[in-house]
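Here are a few short exercises to work through with the model open beside you. Try each task before you read its solution.

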Amino acid sequence: MFKGLEFELEWADNSQLYFGLWERETYRWIERGVSGTDWGVDVGAGAGELLVYLKKRARLPRVIAIEASESELDRIKRNLRLNELQEGNGLAVIHAYASHHRGENYIRLDDLDLGEGKIGFIKIDVEGAELDVLKGAEKILREREVRLLIETHEEKLEEECKEFLSRLGYWVKVIKPYWWRKILPELRIVEHNRWIYAEKTRVSG
């Protein structure tokens with residue numbers, strides 16, 4: 001999915017990304033989620049790989065990245081430059097924590113300027129604060145047609161996210177790891193780590 005894009009990589013940590021294996025299970029769902037969308041939000045953008053994909057490959061008119069780490073923000077900016085991208089003209093990078101709280105260093109997705117586009121894609125990777133982020137996006141989720149990809153880090157929290165989205169009328173799909181993860185696992189800090197995909201239009205997966 002990232003073939004042809006340029007990133008600053010550390011071989012020890014990013015070899016699976018280089019070979020196209022990192023979070024490979026999510027690729028078809030990302031492509032499905034961004035198809036025909038007007039905007040994208042990358043919550044917990046990390047080094048900005050998905051941000052670059054959304055703006056340069058998927059060519060979304062409006063893309064917003066939210067990242068709380070200073071060091072990752074620096075990497076995002078370097079990766080933007082490698083791909084001849086810069087902030088402005090529909091691309092923004094926000095240094096904050098996404099939350100349902102408002103205040104210094106916190107931002108609600110409901111407060112983002114997403115323009116008039118009714119269809120959007122949101123990726124959430126926030127190491128255990130998934131439900132908190134969703135609660136801060138309830139207005140968007142109710143009023144717009146949103147596709148979501150959410151990384152979950154606890155089984156109970158995963159169920160709570162699914163229930164929250166289901167109550168808002170979203171179809172939810174758990175993305176199971178590929179069988180070859182038993183041979184070539186992704187090294188994770190927490191034991192429970194997988195993704196869910198959701199979209200407002202109820203269709204079979």
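**Exercise 1. Check the span of helix H7 (residues 155-167) against what its number of residues predicts.**

Solution. Keep in mind that this is a predicted model. Start with the count: H7 has 13 residues. The expected span is 1.5 Å times one less than the number of residues, which gives 18 Å for H7. Now look at the ends: the C-alpha atoms there are 19 Å apart, so the two values agree.

**Exercise 2. Find which residues of H7 are buried, and work out how they are placed around the axis.**

Solution. First, apply the cut-off: buried means under 20% relative accessible area. In H7 that picks out Leu157, Glu158, Cys161, Phe164 and Leu165. Next, look down the axis: these residues cover an arc of only 125 degrees, which means that they sit on the same side of H7. Then turn to the other side, where Glu155, Lys156 and Arg167 are exposed. Finally, see what the buried residues pack against: helices H5 (130-135) and H6 (138-143), together with strands E7 (145-152), E8 (171-175) and E9 (194-199). As you leave the helix, note Gly169, which follows H7 and has a positive phi, near 90 degrees.

**Exercise 3. Glu158 and Arg194 form a salt bridge; work out what the pair ties together.**

Solution. Begin with the distance, which is 2.8 Å from N to O. Then place the partners: Glu158 belongs to helix H7 and Arg194 to strand E9, so the bridge ties together parts that are 36 residues apart in sequence. Now compare their surroundings. Glu158 has 0% relative accessibility and counts as buried, whereas Arg194, at 27%, counts as partly exposed.

**Exercise 4. Describe the salt bridge between Glu159 and Lys162 in the same way.**

Solution. The closest N and O atoms are 3.2 Å apart. Both residues lie in H7, and because they are three residues apart, about one helical turn separates them. Glu159 is partly exposed at 34% relative accessibility, and Lys162 is partly exposed at 21%.

**Exercise 5. Examine the salt bridge between Glu72 and Arg75, and decide whether each partner is buried or partly exposed.**

Solution. Here the closest N and O atoms lie 3.3 Å apart. Both residues are in helix H4 (residues 70-82), three residues apart, or about one turn of the helix. With the cut-off for buried at under 20%, Arg75 is buried at 19%, while Glu72 is partly exposed at 21%. To go further, look for others: the whole structure has 13 salt bridges.

Notes:
Residues are numbered from 1 along each chain as its sequence is written. This is a predicted model: local features need pLDDT of at least 70, side-chain atom pairs count only at pLDDT 80 or more; totals for chains, interfaces and linings use all residues. Side-chain values use heavy atoms; hydrogens and water are left out. Helices (H or I, at least four residues) and strands (E, at least two) are DSSP runs, numbered from the N terminus. Buried means under 20% relative accessible area, exposed over 50%, partly exposed in between (1.4 Å probe, protein chains only). The arc is that of the directions from the helix axis to the C-beta atoms. Contact means heavy atoms within 4.5 Å. A salt bridge is a side-chain nitrogen of Lys or Arg within 4 Å of a carboxyl oxygen of Asp or Glu.
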